[in-house]
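Thanks for asking me to look this one over. My notes are below as numbered points, so you can follow them with the structure open beside you.

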Amino acid sequence: MKKALKITLSVLAWILLIFALLITVMVFTSDKNNGVPSLFGRMPLTVESGSMEPTFKKGDLIIAKEIDNINDLKEGDVISFWTNEIVDGEKVINTHRIVEVKDNNGTKSFVTKGDNNPQNDTSVVFQGDIIGKWTGTRMPVVGKVMKFLKTKTGFLVCILIPMAIFFLFELFKLIMVIMQMKQQPAKLTESDEEEIKKRAIEEYLAEQNKLKEQSGQSEEPQPQPDEQDSQTTATDDTSEQ
């Protein structure tokens, strides 16, 4: 049970870290892209109004992608673009559907309209105004979360603090592992155990061979003193004759 809990906490911690890193990357890329976050050519955008309902609603998060060729855009495509409207010192982004494509001596422009609006947009969209084309991905309510994360408070509460907790958690686990390693004797691996067994067997066999050699030497017949004396006497008698 404890092991499963540790694994679950570790997985959640890593998911949180990855999410925090992605948000961090998007926040920094948005500063370099006129306030539009970008990640691998994909741009998450928060829907600020209900002009495109029911396609997507205010507070939803939609994903737009960069356009490689302006000529690929056609009627029915949904595009995100800069408008002339300024709110709080920043230009407003609209995401509306193309209802007409105009071509003026090779220069294309687009007439757009919100699905929930009764009339077309008053301003024509030119190539330089276009941010990207909607991929069809929509995540309800997530846009509000992303908008909050872009604020200093949201970044601190949802990104920096969780990342700090994650690193402290990993540091705590490392310290616990080091303490356990110091308290417990080092465990032998299977290869180490096999090597010790092999050496023990070799030493045992060598000891047995040594004992056999010693016992063999002790069993060799030795000449008897009486027999040597009798042989000497017999030889003396013979020589006297």
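**Notes on the fold and its core**

1. Let's begin with the core. The largest nonpolar core has 12 residues: Val36, Met43, Leu45, Val47, Met52, Phe56, Ile62, Ala64, Val78, Trp82, Ile131 and Trp134. At least two of these residues come from each of strand S1 (42-46), strand S2 (61-65), strand S3 (78-87) and strand S7 (130-139). Another core, of eight residues, lies apart from it, and Ile79, Phe81, Ile98 and Val125 are among its members. As background, nonpolar side chains in soluble globular proteins tend to be buried together. Please keep in mind throughout that this is a predicted model.

2. Now the overall layout. The chain holds five helices and seven strands, and their order along the sequence is α-β-β-β-β-β-β-β-α-α-α-α. Of the 241 residues in the chain, 25% are buried. The chain exposes about 17800 Å², with carbon and sulfur atoms supplying 57% of that area. Among contacts with a separation of 6 or more, 52% are between residues 24 or more positions apart.

3. In what order do the seven strands sit in the sheet? The order is S1-S2-S7-S3-S4-S5-S6, in an open sheet with antiparallel pairing. S1 and strand S6 (125-126) are the edge strands, each pairing on one side only. For orientation, strands of a sheet pair through backbone hydrogen bonds, either parallel or antiparallel.

4. Strand S2 deserves a closer look. Four of its five residues are buried, so S2 is largely enclosed by the rest of the structure. With S1 it runs antiparallel, and five bridges join the two strands; Arg42 stands opposite Lys65 of S2 in the sheet. S2 and S7 are also antiparallel, joined by four bridges, and here Leu61 has Met139 of S7 as its bridge partner.

5. Next come the two hairpins. S3 and S4 run antiparallel and are joined by seven bridges, with Ile86 opposite Lys91 in S4. Two residues lie between the strands of this hairpin, and Asp88 takes a positive phi near 55° there. S4 and strand S5 (residues 107-113) also pair in the antiparallel sense, over seven bridges. In that pairing, Ile98 stands opposite Thr112 in S5, and Asp103 has Lys108 in S5 as its bridge partner. The hairpin of S4 and S5 likewise has two residues between the strands, and Asn105 takes a positive phi near 55°. If you check backbone torsions, Asp88 and Asn105 are the residues to look up for these positive phi values.

6. Is His96 buried or exposed? His96 belongs to strand S4 (residues 90-104), and with a relative accessible area of 3%, below the 20% cut-off, it counts as buried. Its side chain makes a polar contact of 2.9 Å with the side chain of Ser51 and one of 2.8 Å with the side chain of Asp121. Leaving aside residues up to four places away in sequence, His96 touches Ser51, Met52, Asp77, Val78, Ile79, Phe81, Thr112, Lys113, Gly114, Asn117 and Asp121.

7. Val78 is a good residue to view together with His96. Val78 is a member of the largest nonpolar core. Not counting residues up to four places away in sequence, Val78 touches Met52, Phe56, Thr95, His96, Arg97, Lys133 and Trp134. This list includes Met52, Phe56 and Trp134, which belong to that core as well.

8. Last, the aromatic rings. How many aromatic pairs are there? The count comes to one aromatic pair. Its partners are Phe56 and Trp134, set edge-to-face at 5.1 Å centre to centre with 75° between the planes. Phe56 lies in the loop between S1 and S2, and Trp134 lies in strand S7, so the pair ties together parts that are 78 residues apart in sequence. Phe56 and Trp134 are both buried, and both appear in the largest nonpolar core.

Technical notes:
Residues numbered from 1 in each chain as written. Predicted model: local features only at pLDDT ≥ 70, side-chain atom pairs only at ≥ 80, totals over all residues. Heavy atoms only, no water. Buried < 20%, exposed > 50% of the residue type's maximum accessible area, 1.4 Å probe, protein only. Contact = heavy atoms within 4.5 Å. Areas by Shrake-Rupley, 256 points an atom, 1.4 Å probe, with all protein chains shown as cover. Core = buried A, V, L, I, M, F, W, Y, C linked by side-chain atoms within 4.5 Å. Pairing = 2+ DSSP bridges. Polar contact = N/O pair within 3.5 Å; in protein donor to acceptor, adjacent residues only side chain to side chain. Phe/Tyr/Trp six-rings, centres within 6.5 Å; stacked < 30°, edge-to-face > 60°.
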